[in-house]
Every structure is written in C-alpha cells, then in structure tokens.
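Hello,

Here is the structure I promised to pass on to you. Please open it next to this message, and my notes on what turned up will follow.

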There are 2 protein chains.
Amino acid sequence: MENNSFSEISQAFRDHNSFIIMSHVRPDGDAIGSQLALGHALEEMGKTVYYVNEDGLPENLDFLPHADRIVQPKGEVLDVEVAIAVDCATKPRLGENALKAASNAKLWINIDHHISNPRYGDLNHIDSTSPATGQILYNLITKEDLPLSAVTRDAIYVAVSTDTGSFQYSGTTVETYEMAADLVRRGLDVGKINALTYDSNPYRRVELLRHLLNTLVRTDDGEIADWQLEYHVKEELELKPEDSEGLIDIIRAVKGVTVAVFFEELKGGTVRVSMRSKDLKVNVCEVAKEFHGGGHALAAGIRMEGPMSEAREKVLAALRKKVDQAKG
Amino acid sequence: MENNSFSEISQAFRDHNSFIIMSHVRPDGDAIGSQLALGHALEEMGKTVYYVNEDGLPENLDFLPHADRIVQPKGEVLDVEVAIAVDCATKPRLGENALKAASNAKLWINIDHHISNPRYGDLNHIDSTSPATGQILYNLITKEDLPLSAVTRDAIYVAVSTDTGSFQYSGTTVETYEMAADLVRRGLDVGKINALTYDSNPYRRVELLRHLLNTLVRTDDGEIADWQLEYHVKEELELKPEDSEGLIDIIRAVKGVTVAVFFEELKGGTVRVSMRSKDLKVNVCEVAKEFHGGGHALAAGIRMEGPMSEAREKVLAALRKKVDQAKG
C-alpha cells in the first residue's frame, strides 16, 4: 500500500474542524512530542484538538509546553470528526479507553515511522527511513506550510532527540541534523530544552540505578550482564513506569557485553524480561520466542511466570546457548 | 588582539613541511579529535606530522582512526618547523615534555575555543562562539579547501559530539548541526561512531559508578549532592584518570540538585574537589577561591589537604552558605 501524500493529509486537516490526537501506551518522548507538535499546528489553524493518551503524561515530559493538555481517557466518547494516531505501530497499542474516546471519528489518519505499521488509517503516512515520527511531522508541517509555533518547534525537537538517543543512533540522517539546525534557527533554546529533557531526573531514578548496579552480575567471559528489580523495591522507592527507561543502556554500553538483560518483577509476581543485544548474530528475539515473547533482533522482551530467580536462570541459560552458538 | 584569518593559517600550513600538533594534558575527545583531524589534513597535503600529547592517548578514544599516532613525549626534542596547539587554553597546559618536544619550532599556531586563551601563538585563531575546537577546524578545513579525509571527518565529529554532550549543551549552534549533517553527507557512519564513542565503556567504569552511588549523600532540601572516591578504591578497581569523566553529570542531572560535588582522594592524600552548579547565583568558582581553587561560575575545582572527611566537611559548609545566600 502506498503512502498518502503530505498534501492529501494537510487537505484533510483543512477539511475538518475537530480532532483527537493519540499515541501509544507507555508513551515516550516521540509519542508525546508528536502529539503536541501536530496538535498545536492544528490549533494554530483554528481547529479544535483533544490530546488523549491511554496512560496520560509521564512526569519526565511534563516540561513540554502545553503538556498539560494531554489527558488520560476515562471511558468517554469525544465528539470529533477525525482521529489521528502518531507514532503508534498498531491500533490496539493506542489503548482501549483512547480507542473508545475516538470511536465517533469518521476519518482515521495514521502517521508513523515503524516499518511494521499495518496502515490502519483511512489516510496513512508510514516512513521507516525517519528515525522518529517527530521528523515526519517536521517534514509534513514545513512542506505543507502549516503553522510551526514555538510549541510545535520544541515538541518536534524533543521527539526526535529522545528517539535518536540525542542524535546518536544509526537511524539519524542528514535530514535529522538539518532539521535540528532549522529548529535552532527558528529560535529553539538548545541548552534549555536539553537540560529539561535530560538533566531533570527525579532522585528516585538515581536510587533505582544504585539498586540495579548493586544487583549487577556479569558472566565470566563478560558477554552477558544482567540486573534485576523486585516489586517491593519499586514500592519502597515509589517508582513510576518511566523511571527505568533507558537505564539498561548503561550495561549495554560496557565493552565486551553482547547482551544486557533487565529482570523486573511486576505486581502479582509476573516477571518482565528486557533484552538488548549488540550483535545481530545474537538474536534476542529468537530467545524471547522460546518463552512466548517477541521484539526485534537487537531488542526483545518476555513476560513470564516467576519467581524471579527461576525466570532468570531459564533466560540466562537460553542466552548462554545463543551467545556460544554465535561464537561458533 | 585580532584573530589571524583562516587564509593566513592555511598559508602557513602550505609554507612549511614539518609540524608537531599538541593539545592539553588529560586530553578529552575535543583535544584528541582536533589533533587527529588537523594532523591528517596536513598529512594529506604531504606534510610530516608528529602527534604529541603529554598524557598520551586515553583508552576511551583509542577507536579513532590513526589514534595510535598520538605519542607521549619522553623528553626528546623534535626536528619540526611549526608547533600547533589545538584546544589548549594556556601554553603550560600542553605539558612540560610536550613543550620540550616542540622547542625547536620557529612558528607557533594556536587554535582554540576557550575565551580565556591569552593568544600565545605567533598565529592565533580563538573562537569562543564555537562549542568545540573541532568545529573551528571544520570551518578552517572546508573554507580553505584543505583535505577532508574519512579520518579527519570522523575525528571532527567525535571532537564536537563529546564537547557538546552529544549536541545538547547551550553552546551548540545552527552551524554545529549543519556541520554534523555535512559530515554524514560525506559518509560518516553515525550509528557506528557513536557506539564506539559512547557504548564501549570499560566494566571498571560501571564498578566505579556503583561505588560512587553507594557513597552518594543528598542534603535534606535536595540542593547539594556529593559522592566520593578514596584512593584505595581507585587502586582496587585499577581505574584510569578518564574513567570518572562525566559521571558527575548523573547527580547534577537530578531535579532539585543545585550543586553536585565529587571528592576524589589523590595519591598521597591530597583531595581533588570538583563542583558543578546549575544556578548562576550559586557561583562555585567563588567557593573554590575560598580554598585557593578556581574555575568558572558553574564548574570549579579545588585541590586541598586531606583527610577526605575534613575536606568534605569544610567544602560542604561553604557550599551550604552559598546556597542559602542564593535563596535569599
């Protein structure tokens, strides 16, 4: 299926008056940033916009201008003509209450950068060459001459910065850096926005990091490193879901480590396993599938029965096998 | 004093045949990256180049192409016509042995972005609007049409990326992002170079972070956070000087923390104190001066007598006063 053009999409914006903008559950910077960036452009066009996210606004993104407009749906149905999903690979990942809120919409627009997106909109623009949905929106807004206010500018920057690991990941392109240059030219305060994005961690995140490091185990050959978080620690530190985001990168970034694993005990005793590989030969998605999990070759996850110690033993044994196979 | 123009400097390159390129002691990414970037451009022009750094090549930068050309001087005098200092705010910071190695040079060229640089060269180009010396060299090389090989390209990127905290600090400009775009256009592998720069930490750095976090203390009001490193721990973990680089940012980045302090015991019991402030009203340079240290308003340091516990008590008391004053 082909992408709808930017001009078809902007025509749909002009042809309607009320919009709900949604993104995926457990939203990250690209999700919230994309919602705010596009929503504010529509508001500047005189449209009515509802910003809905199933899980609401994470605390670490509450500095974004107009972030307080993001609301968590409670089961109501909104009176809107158009539903827009941004940065959401599948329709169910918008969440049940968000879908209900959007259920009166007559037209669905789907803008995303996930290659697996099945194009569930009436209008779709999926561009997997873009490292972030924020960058697609930047192209849409600038090419179609839609309003690019300071709110939209800052939201786009945060969307792209967070989804590229601050312009580091391999998906970062010439256009990404050119976009950043243009946003600074349009008045973006680089130092300030990055301090707000990266230098305002709650203290409990540091306490969490300390706890995780104290559970860190590395295999003798240094290939596999893992740490764990028990449910009672989450309660003691009063952690929020976003607090652990990105921390696994600290052990993934160790020289010699091929696979980094995070074991997290959920309420009720289920164990969530997050695996990151640095080597395509050590395909962690294949390991995840052994335990009915899934993901990508370099980043995969599992939900399995506890207790933690048993789950950990099983997963590490499967990873050991995989690493040894890769070494030949 | 005025800057010498890029054309004057490139003329000096063309007029001579042998060069020593140096940078500051305890070199960082901008120091080593700048040495390699400019040096390889000169080599591509057919020149003889010696790359000298008083402290040699830090392990975390050994992935840079041609990094093995960086040598630590042992007291020899090199037979060169021109000495070039890059990214070095004062001449003594080049180090005694490096200065000796360069002592036969008839012409000194000084290229830097530190505003305090006293222009100790015969030719000087000091541009404090540039967030990294690497960015000045990019401008010099592209404007004067000097060779920009893959070696120079990658070295410039690492110099600028590391000195801007991956394009985050307030000094990052439109030109910085445009430069990054151009380097990618010239074939830079963004994912690979950043993985090598940021994702190849020695395991001992994680062990160090664990140790530091276990000594972390935050004042009741959350304004001051400090951690410490005793000399015997450095020996046990076999730490290198560069291992602690940047770790203080983890506590500086905590919401509510105004000042982050790192107490480090040196061989013989002297204590090195590093302070980072997030508020210009809490001028840590003024606190440093009380103990005969120095630096900038937001980043300052002290070397003082031990033992650690006493040094810590005195410095924290002075900081407490400063923070309370700032609060009015």
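His66(B) sits in the loop between strand E2 (48–52) and strand E3 (70–71) of chain B. Keep in mind as you look at it that this is a predicted model. The phi angle of His66(B) is near 70°, a positive value in a residue other than glycine. With a relative accessible area of 34%, His66(B) is partly exposed.

Leu64(B) lies in the loop between E2 and E3 of chain B as well. Is Leu64(B) buried or exposed? Leu64(B) has a relative accessible area of 3%, so it is buried. From Leu64(B) you can also look across to Ala37(B): the two are 27 residues apart along the chain, and their C-alpha atoms are separated by 10 Å.

Chain A has a positive phi to show you too. His292(A) is not a glycine, yet its phi is about 65°. You will find His292(A) in the loop between helix H11 (284–290) and strand E11 (294–295) of chain A. The relative accessible area of His292(A) is 77%, and because exposed means over 50%, this residue counts as exposed.

Next, the aromatic rings. Over all chains, the count comes to eleven aromatic pairs. One of them is formed by Phe167(A) and Phe167(B), whose ring centres are 6.4 Å apart and whose planes stand at 80°, so the pair is edge-to-face. Why does this pair join two chains? Phe167(A) lies in the loop between helix H5 (150–163) and helix H6 (174–185) of chain A, while Phe167(B) lies in the loop between helix H5 (150–163) and helix H6 (174–185) of chain B, so one ring comes from each chain. Both Phe167(A) and Phe167(B) are buried. Ring pairs also link these two residues into a cluster with Tyr157(A), Tyr177(A), Tyr157(B) and Tyr177(B).

Two rings have a charge over them. In chain A, the charged end of Lys91(A) sits over the ring of Trp108(A), at 4.2 Å from the ring centre. The other example involves both chains: the charged end of Arg218(B) is placed over the ring of Tyr203(A), 3.6 Å from its centre.

There is a pocket to look at as well. The second largest pocket holds about 460 Å³ of space. Its lining is made up of 23 residues, and Arg26(B), Lys240(B), Pro241(B), Glu242(B) and Arg272(B) are the ones nearest its centre. How many of the lining residues are charged? Twelve are charged, nine are nonpolar and two are polar. Domain 1 (6–198) and domain 2 (203–327) of chain B each give at least three residues to this lining.

For the backbone, please look at two prolines. In chain A, the peptide bond from Gly306(A) to Pro307(A) is cis, with omega near -5°. Pro307(A) is in the loop between strand E12 (299–304) and helix H12 (308–327) of that chain. In chain B, the bond from Gly306(B) to Pro307(B) is cis, with omega near 0°, and Pro307(B) lies in the loop between strand E12 (299–304) and helix H12 (308–327) of chain B.

Helix H12 of chain A holds Leu316(A). The relative accessibility of Leu316(A) is 18%, and because buried means under 20%, this leucine counts as buried. Leu316(A) and Ile224(A) are 92 residues apart along the chain, and 8.2 Å separates their C-alpha atoms.

Two more loop residues of chain B will help you find your way around:

- Arg93(B) is in the loop between strand E4 (82–86) and helix H3 (96–101) of chain B. Arg93(B) is partly exposed, at a relative accessible area of 39%. From C-alpha to C-alpha, Arg93(B) and Phe19(B) are 19 Å apart in space, and their positions lie 74 residues apart in sequence.
- Thr219(B) belongs to the loop between strand E7 (217–218) and strand E8 (224–229) of chain B. Thr219(B) is partly exposed, with a relative accessible area of 25%. Thr219(B) and Asn117(B) are 102 residues apart in sequence and 37 Å apart in space, C-alpha to C-alpha.

Enjoy exploring, and do write back with any questions.

Best wishes

Methods. Residues are numbered from 1 along each chain as its sequence is written. Chains are lettered from A and ligands numbered from 1 in the order in which they are written. This is a predicted model: local features need pLDDT of at least 70, side-chain atom pairs count only at pLDDT 80 or more; totals for chains, interfaces and linings use all residues. Side-chain values use heavy atoms; hydrogens and water are left out. Rings of Phe, Tyr and Trp (its six-membered ring) pair if their centres lie within 6.5 Å; planes under 30 degrees apart count as stacked, over 60 as edge-to-face and the rest as tilted. Helices (H or I, at least four residues) and strands (E, at least two) are DSSP runs, numbered from the N terminus. Buried means under 20% relative accessible area, exposed over 50%, partly exposed in between (1.4 Å probe, protein chains only). A charge sits over a ring if NZ of Lys or CZ of Arg is within 6 Å of the ring centre and within 35 degrees of the ring normal. On a 1 Å grid over the protein atoms alone, a cavity is a set of points where a 1.4 Å probe fits but cannot get out, and a pocket is an open set with protein on both sides within 12 Å along at least five of seven lines; lining residues have an atom within 4 Å of a point. Grid points are joined across faces, edges and corners, and a volume is the space filled by probe spheres set on the points. Ala, Val, Leu, Ile, Met, Phe, Trp, Tyr, Cys and Pro count as nonpolar, Asp, Glu, Lys and Arg as charged, and the others, Gly among them, as polar. Domain bounds come from an automatic or database domain assignment.
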